[in-house]
Amino acid sequence: MSPLARWARLVYEFSGMRSSESLVSGWGRQFVPGVELRPEDLHRAPRAPLFRGLGRSYGDSSLPPSSQPLVVSTVRADRILAFDEVTGMLRAEAGLSLKALNRTFLPKGFFVPVTPGTQFVTLGGMVAADVHGKNHHVDGCFGSHVRRLSIEVADGRIVECGPDLERELFLATVGGMGLTGHILEVEFPLSRIPTPWIYQESERVPDVDTYVRKLKEAAHEWPMTVGWIDCLSRGSSLGRGILLKGRWARGDEAPANFPTEWPDVRVPFTMPEAVLGRLSVQAFNFGLYWSHFAKQKSGIVDPFRYFYPLDFIKDWNLGYGRRGLTQYQCVLPDAAGPDAARRFLELLTSRGGASFLCVIKDCGPQSAALLSFPMPGISIALDIAVRDDTQQLIDALNEFVIAEGGRIYLAKDAFTRREHFERMEPRLAEFQRVRRVWDPTLRFKSRQSIRLFGDAP
Amino acid sequence: MKAVVLGATRGMGRALARKLAERGDSVAVLGRDSAELERSGADLRARGAPGIRVATIACDLEKPDGFKAALDAAEDALLGLDTVIVTAGLFATQEALEADPALLARVLTVDFSNTVLFCEEARKKLLGRGGGTLCVFSSVAGDRGRKPVVLYGAAKAGLSRYLEGLDHRYRGQGLKTVCVKPGFVRTGMTEGLKAPPFAGEPEAVADQVLTAIDLGLPEVYAPAMWGLVMGVIKGLPRFVMRRVGF
Ligand SMILES: Cc1cc2nc3c(=O)[nH]c(=O)nc-3n(C[C@H](O)[C@H](O)[C@H](O)COP(=O)(O)OP(=O)(O)OC[C@H]3O[C@@H](n4cnc5c(N)ncnc54)[C@H](O)[C@@H]3O)c2cc1C
């Protein structure tokens, strides 16, 4: 046994006795017993039911089952293995973070084809959740750009796959939340960008119906759209918000210098629950709305503020108090009609669900990846502080989403019931079939797969 | 700078080599596993500033015969050499070393004798070129005879003394010696061990070490807090050290 494996064993064995010390959690900070190991060499990592990256999924996707409380984090396996300056093709170990990637490649004029709203994610996590960004309506999900994955499958073999190689395994792994195997390496092309700056236009929108209409219109002209909604305002201004449209700035309009990142700001400790209570949420949203004083604004913004506004406060999840938070993100299909967002908000407000942030994005075509989240329509994301009634709130929202033909995003979920998930996910059976081909005993699993896929605990 | 890093494929060596390459220094990566060397070489080329040289050269701390050739090859590949950094080494717990004499022999040999032999080759090479910097990772474990690190600490104690002497003897001739004493740093090497207070991250340690190299500081504790901690431990009387567990 290698020394690493020996220590892993030691820690693993001790973890039962010291369970109060060894806790792991997702971004939502609901802790469960478990040990996280961070080896540098993933090929020699101890045998674990699950890999994880930076733990930025909110719920239990990255948490190991209670019967085998060991999860391997890839963050120390972060080497760039190949980069072609001409084609932009990049191959790297799965633990490479988007933060490191941007630091290296933005100055060289390259950017990831798809980025989520935080830089603190790994390539492995971006593949496993098949992340989407503000450009989904034009560029699809991250997985649609991946050329090759190297995966350690259940029998210990390392398999190369891609859209044209072991396609089934590939399509199950992209968006498959770590359940088909351990992703070791990822290969995909970076996109060339004209400058590292963004040209942005923003617009104050009086209500949610107008917001959705303008969001869909903007999709024809803008490669990147996103927006924020105040879901506490009522009546005719229900869902008033700000719509942001952007594209990479051209050389003649951007500053000549390279944008600097802000220094990290940290939340020093877990905040009392009241900090993000209803009143402060109301004040925040009111302030945000009216700080956009002019109806329309335009200008050059730096990419960090544009793509990763929340990253400036390092541990902002501590702001949600001891019980943590959950994010509810669903997609409502176009078929649900242009007023679906309003009906969703009406349901939310009638249930007293306060959300600090409510982000509505446009979704383009569905990917071929078996469990990829987006489908043509709009995605709504809410950050919700966990309270006694959170389960009931999520249940009600899920009933609505099922009735409208939508679905939820696994990377955010912690509360959905299995029967709800099965009703919103007709692709589940096919995913499970492929999964069993590669992993007949379902060796790979997470707390989430036990909760939603019916895996043995 | 034109630097050799023995041990750059992992942990603190990896972090340090990246910082060097990113700021524009040429780096020769020395290590024993050729596949690992290739991967780390590619990583440094992709991350490094434009125009730097990156070389990968096989060198095994368990095979002293290859030391001179590896340093010669590095000098050739980088078109010169002014800095030699050694982060490689073996670690095992006191219990493992007490139980396994073969492992003990390996650890003592690699962490003391062979590291010194490598440094001697580096010393000759750098002095022959008119001077430079030799930066070697020892450990706080060598500062005091302590229960959990008797054997590993003994090898590191010897290494630290050697480096101190080297600095006194040759600084006047232009060879600066930097002895790095890492406390507990979270790397693959310490993975799974329970981290004590003031545990460091490899990137932060690399920043500190880089500053020490640039300024030619003879000794650096990393994280710096360990300097204070060891200061206290060094001052404790024996009857206390016999009782406490650290
Ligand atoms: C502030 C914030 C903003 C966000 N914005 C967006 C957004 O705009 N769009 C979006 O799509 N998502 C968004 N997310 C979600 C985030 O992008 C995903 O949860 C992503 O998966 C996190 O990556 P990670 O490296 O932290 O993975 P983790 O959270 O550690 O893991 C996520 C899943 O991937 C699996 N996994 C990770 N690495 C591997 C591997 N090497 N092999 C196999 N399985 C693996 C895990 O098992 C788990 O199921 C956001 C999250 C936050 C906190």
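Select B:Pro223, which is found in the loop between strand 7 (219-222) and helix 8 (225-235) of chain B. Helices here are DSSP runs of H or I with at least four residues, strands are runs of E with at least two, and both are numbered from the N terminus. The peptide bond leading from B:Ala222 to B:Pro223 is cis, with omega near -10 degrees.

The model on display is predicted, so local features need pLDDT of at least 70 and side-chain atom pairs count only at pLDDT 80 or more, while totals for chains, interfaces and linings use all residues. Residues are numbered from 1 along each chain as its sequence is written, chains are lettered from A and ligands numbered from 1 in the order in which they are written, and side-chain values use heavy atoms, with hydrogens and water left out.

**Chain B as a whole**

Now display chain B alone, with its nine helices and seven strands. Its C-alpha atoms fill a box of roughly 55 × 40 × 35 Å along the principal axes. A compact globule of 246 residues would have a radius of gyration near 18 Å, and the 17 Å of chain B agrees with this. That radius is taken over C-alpha atoms, and the globule rule is 2.2 Å times the number of residues to the power 0.38. Of the 246 residues, 55% count as buried; buried means under 20% relative accessible area, exposed over 50%, and partly exposed in between, with a 1.4 Å probe and protein chains only.

**B:Gly7**

Go next to B:Gly7, in the loop between strand 1 (2-6) and helix 1 (11-23) of chain B. Is B:Gly7 buried or exposed? B:Gly7 counts as buried because its relative accessibility is 16%. Apart from neighbours within four places in sequence, B:Gly7 is in contact with B:Gly13, B:Arg14, B:Leu30, B:Thr87 and B:Ala88; contact means heavy atoms within 4.5 Å. Add B:Leu61 to the selection: B:Leu61 and B:Gly7 are 54 residues apart in sequence, with 9.4 Å between their C-alpha atoms.

**Helix pairs of chain B**

Select helix 1 and helix 2 (residues 34-47) of chain B, whose axes come within 8 Å and cross at roughly 35 degrees. Axes are lines fitted to C-alpha atoms, for helices over the stretch in contact, and angles run from 0 to 180 degrees between N-to-C directions. Helix 1 of chain B passes helix 2 of chain B in a right-handed crossing. A crossing is right-handed if the near helix is turned clockwise from the far one by less than a right angle, and left-handed if anticlockwise. In helix 1 of chain B, B:Ala17, B:Arg18, B:Ala21 and B:Glu22 meet B:Asp43, B:Leu44 and B:Arg47 in helix 2 of chain B.

Move on to helix 5 (residues 101-128) and helix 6 (residues 150-170) of chain B, with axes that come within 8 Å and cross at roughly 15 degrees. Helix 5 of chain B and helix 6 of chain B are therefore roughly parallel to each other. Angles under 35 degrees count as roughly parallel, over 145 as roughly antiparallel, 65 to 115 as roughly perpendicular and the rest as oblique. Residues of helix 5 of chain B in this contact include B:Leu104, B:Phe112 and B:Arg123, and those of helix 6 of chain B include B:Leu151, B:Tyr162 and B:Tyr170.

Keep helix 5 of chain B and add helix 3 (residues 67-78) of chain B; their axes come within 9 Å and cross at roughly 40 degrees. That makes helix 3 of chain B oblique to helix 5 of chain B. This crossing of helix 3 of chain B and helix 5 of chain B is right-handed.

**Chain A**

Switch to chain A, which has 13 helices and 20 strands. Of its 457 residues, 61% count as buried. Its C-alpha atoms fill a box of roughly 65 × 55 × 45 Å along the principal axes.

Select A:Glu166, in the loop between strand 10 (158-161) and helix 5 (167-173) of chain A. Phi of A:Glu166 is near 45 degrees, a positive value in a residue other than glycine. A:Glu166 is partly exposed, with a relative accessible area of 40%.

Then find A:Leu442, in the loop between helix 12 and helix 13 (447-452) of chain A. A:Leu442 is not a glycine, yet has a positive phi of about 50 degrees. At 12% relative accessibility, A:Leu442 counts as buried.

End at A:Ala429 in helix 12 (residues 428-438) of chain A. A:Ala429 counts as exposed, at 56% relative accessibility.
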